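Hi,

Here is the structure I promised to pass on. Have a look at it first, and then read on for what turned up.

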Amino acid sequence: MTKLWANQVLTIARLEVRKAFLSKRGLWVYLLALFPAVLFFGHGIDTQWKRKQWSQQVTSRSLVESVQIGERAADVRLKLGKPLRDFEYRRRRDGNDESRRMMEYFDGQRRYKFHFVDDLLKDKSDQALASLEEDTQVFSGMFQYFYLRLAIFFGCLGIFMNLFRGEMLDKTLHFWFLAPVRREVLLVGKYLAGLVASAIIFGGGTMLAFFAMLWALDPADVQAYWQGPGMGHLFWYTASAMLGCVGYGSVFLAAGLLLRNPIVPASMILLWESINGFLPAILQKLSILYYLQSLCPLPAPVDKNMPAVLRLILAPAEPAPAVWAVLGLLGVTALVLWVASQAVRRLEVNYSTE
């Protein structure tokens, strides 16, 4: 009997997974999944273009670093040559007009900015054209603030909510209920189909964005990163994305069975996930986001100047160990699917109320 049910689950999943991938209703899910990769790819193109353009006017690092605070703008230009950018402007301060000037130079890897006030150098700064450390921090922030909280959340809403609710709107669900298949088997088959589709879409989107982040960086830095924590970071980001589909998928599948209007459960779940930082430790463990953030290899950057309330909402709670995070997420998913199995048993098809 168990073998028969397993075969039925796989048959249903095969039939449904194609629909999940090719549904015209879900094209926006691909846009959510690919949006970070497009941004990082655009950043890489911009970096490559600047490196190519600025390499025609490289200034020695030793000369750049020899410039001292207090030097005159004309002397700096004479020493370093023509800058990449040189512009002047006036600023009113304490009732007086100040003459300000900014000159920018490039040494092949870093760009240097010299700020002059009344023709005297007051400040100088440097920044790498492309920094592995900065880009990995940006990726971590993008992944936790956009991918986990929004892209995967709403992507799973679109995919899993329609597994049953969409068929009721299309008036085709009764065909499944007329088949000689237990409703729990139908539930598992549909869930597996949605999980395969969402995991491939968002797991693939995570990997594509990760490689797009790295392709324009210095090859030596990238090689060192792969030999160090790079593979571990890629694995845990991808695993977090796929496990997000596991958790959110079960929640929205159950919501589609229990409620008719997807806006209400989506809003309630999004609110619950957003206030995770305010909740007691035991209640935080009932949040999908808590377990997903615990698996992320790097903490998301939080702006120190951000209002305290917003910072508390965005800042992750004390992370759980990876093993407990995975087990906790699977436990929450199993509980939600059990609730969904009870709901699908009592579900009555009545198209006139839809």
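Helix 2 has a kink of about 40° at Leu34, shortly before the proline Pro36. Keep in mind that this is a predicted model. Even with that kink at Leu34, helix 2, which covers residues 27-54, reaches 40 Å from its first C-alpha to its last, close to the 40 Å expected for its 28 residues.

Which residues of helix 2 are buried? They are Val29, Ala33, Pro36, Ala37, Phe40, Gly44, Thr47, Lys50 and Trp54. The spacing is easy to read: an α-helix has 3.6 residues a turn, so residues three or four places apart point the same way.

Helix 2 also comes up in the cavity search. Over the whole structure there is one cavity of 30 Å³ or more, and its volume is about 40 Å³. Its lining is made up of Phe40, His43, Gly44, Thr47, Ala130, Asp135, Ala212, Met213, Ala216 and Leu217. Two elements, helix 2 and helix 7 (183-214), give two or more residues to that lining, and helix 2 has the largest share with four. By type, the lining residues come out as six nonpolar, three polar and one charged.

Last, the cysteines. I found zero disulfides anywhere in the structure. For Cys245, the nearest cysteine sulfur belongs to Cys156 and is 4.2 Å away, whereas a disulfide needs the two sulfurs within 2.5 Å. Cys245 is buried, with a relative accessible area of 0%. Cys296 is at 10% relative accessibility, so it counts as buried too.

Cheers

Conventions
Residues numbered from 1 in each chain as written. Predicted model: local features only at pLDDT ≥ 70, side-chain atom pairs only at ≥ 80, totals over all residues. Heavy atoms only, no water. Expected span 1.5 Å × (residues − 1). Bend = angle between axes of the 7 residues up to and from the residue. Buried < 20%, exposed > 50% of the residue type's maximum accessible area, 1.4 Å probe, protein only. 1 Å grid on protein atoms, 1.4 Å probe; cavity = no way out; pocket = protein on both sides within 12 Å on 5 of 7 lines; lining within 4 Å. Points joined across faces, edges and corners; volume = space filled by probe spheres on them. Nonpolar A, V, L, I, M, F, W, Y, C, P; charged D, E, K, R; others polar.
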